[in-house]
Amino acid sequence: MVKIPAKMRAYCKKCKKHTTMTVRHEKGGRRGSGLVKGTRNQQRNKRGSGNKGKYSKKAISQAKMSSKTSQKVDLRLTCDVCKSTWVKTYPRTRSVEIVKTH
Ligand SMILES: [Zn+2]
């Protein structure tokens with residue numbers, strides 16, 4: 001468990017100085033509209049016959065998928081002065097809690 005203050009001072013590229021920023025924990029990445037190339041290839045290869053390239057291989061085992069128990073944390077820092085938002089990647093932790101300091 002890592003406790004992160006709800007307000008922290010960080011460098012703002014727009015203000016070109018350190019400002020107070022509001023911290024928000026973003027869960028999961030947002031996808032762009034439509035599907036990425038890999039997903040389209042996978043969908044095409046799922047149907048029909050013939051060699052399916054790398055999709056002919058067996059899927060990697062579940063044990064390999066879940067070898068890590070922690071996840072990297074994406075924090076959104078919003079500048080209180082100019083309201084622009086920056087993403088700060090936090091090292092791997094099991095869980096994160098945002099704590100109000102005052
Ligand atoms: Zn700013």
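**Figure 1. Strands β4 and β5 side by side in the predicted model.** Val 73 stands opposite Tyr 90 in β5, and this facing pair is a good place to begin reading a model that is predicted. The two strands concerned are β4 and β5 (residues 85-93), which pair in the antiparallel sense over seven bridges. Together β4 and β5 form a hairpin, with five residues between them. Within the loop that links β4 to β5 lies Lys 83, a residue that has a positive phi of about 65° although it is not a glycine. Lys 83 has 9 other C-beta atoms within 10 Å, and therefore it is exposed.

**Figure 2. Strand β3 and its two partners.** On one side, strand β3 (residues 17-26) pairs with strand β4 (residues 71-79) in the antiparallel sense, over six bridges. In this pairing, Thr 22 stands opposite Thr 78 in β4. Six bridges also join β2 to β3, and these two strands run antiparallel. Here too Thr 22 takes part, since the bridge partner of Lys 7 in β3 is Thr 22. A reader who locates Thr 22 can thus follow the bridges towards Thr 78 in β4 and towards Lys 7.

**Figure 3. The four-stranded sheet.** The strands shown in the preceding views belong to an open sheet of four strands, in the order β2-β3-β4-β5, with antiparallel pairing. Because β2 and β5 stand at the edges and each has a single partner strand, one side of each is left without a neighbour in the sheet. Neighbouring strands of this sheet are turned by 45° against each other on average, when direction is ignored.

**Figure 4. The loop between β2 and β3, at Lys 16.** Lys 16 has its place in the loop between β2 and β3. Its phi is near 60°, which is a positive value in a residue other than glycine. Is Lys 16 buried or exposed? Lys 16 counts as exposed, because there are 8 C-beta neighbours inside 10 Å, and a residue is placed in that class if the number is 12 or fewer.

**Figure 5. Ala 6 and its surroundings.** Ala 6 lies in the loop between β1 (2-5) and β2 (7-12). With 13 C-beta neighbours inside 10 Å, Ala 6 counts as partly exposed. Which residues is Ala 6 in contact with, leaving aside its neighbours within four places in sequence? Ala 6 is in contact with Thr 22 and Val 23, and also with Ile 98, Val 99, Lys 100 and Thr 101. His 25 is 19 residues apart from Ala 6 along the chain, and the C-alpha atoms of these two residues are separated by 9.7 Å.

**Figure 6. Helix α1 and the residue Gly 48.** Of the 10 residues of helix α1 (residues 37-46), the number buried is zero, so this helix lies largely in the open. Lys 37 is found in helix α1, and it is exposed, with 7 other C-beta atoms within 10 Å. The C-alpha atoms of Lys 37 and Cys 82 are separated by 36 Å, while along the chain these residues are 45 residues apart. Helix α1 is followed by Gly 48, whose phi is positive, near 75°.

**Figure 7. The close-up views placed within the whole chain.** The chain has two helices and six strands, and from the N terminus on its elements run β-β-β-α-α-β-β-β. The radius of gyration of the chain is 20 Å, well over the 13 Å that the globule rule gives for 102 residues, so the chain is more spread out than a compact globule. Along the principal axes, the C-alpha atoms of the chain fill a box of roughly 60 × 30 × 15 Å. Of the 102 residues, 3% count as buried. Among the contacts in the chain with a separation of 6 or more, 56% are accounted for by residues 24 or more positions apart.

**Figure 8. Confidence along the predicted chain.** The mean pLDDT of the chain is 83, and 92% of its residues reach 70 or more. Where is confidence lowest in the chain, and where is it highest? Confidence is lowest in helix α2 (residues 62-65), at a mean of 72, and highest in β2, at 92. Where pLDDT is low, the predicted coordinates should not be read in detail.

Technical notes: Residues are numbered from 1 along each chain as its sequence is written. This is a predicted model: local features need pLDDT of at least 70, side-chain atom pairs count only at pLDDT 80 or more; totals for chains, interfaces and linings use all residues. The radius of gyration is taken over C-alpha atoms; the globule rule is 2.2 Å times the number of residues to the power 0.38. A residue is buried if 20 or more other C-beta atoms lie within 10 Å of its own, exposed if 12 or fewer, and partly exposed in between; C-beta atoms are placed from the backbone. Two residues are in contact if their C-beta atoms, placed from the backbone, lie within 7 Å. Two strands pair if DSSP finds at least two bridges between them. Axes are lines fitted to C-alpha atoms, for helices over the stretch in contact, and angles run from 0 to 180 degrees between N-to-C directions. pLDDT is the predictor's confidence in each residue, from 0 to 100.
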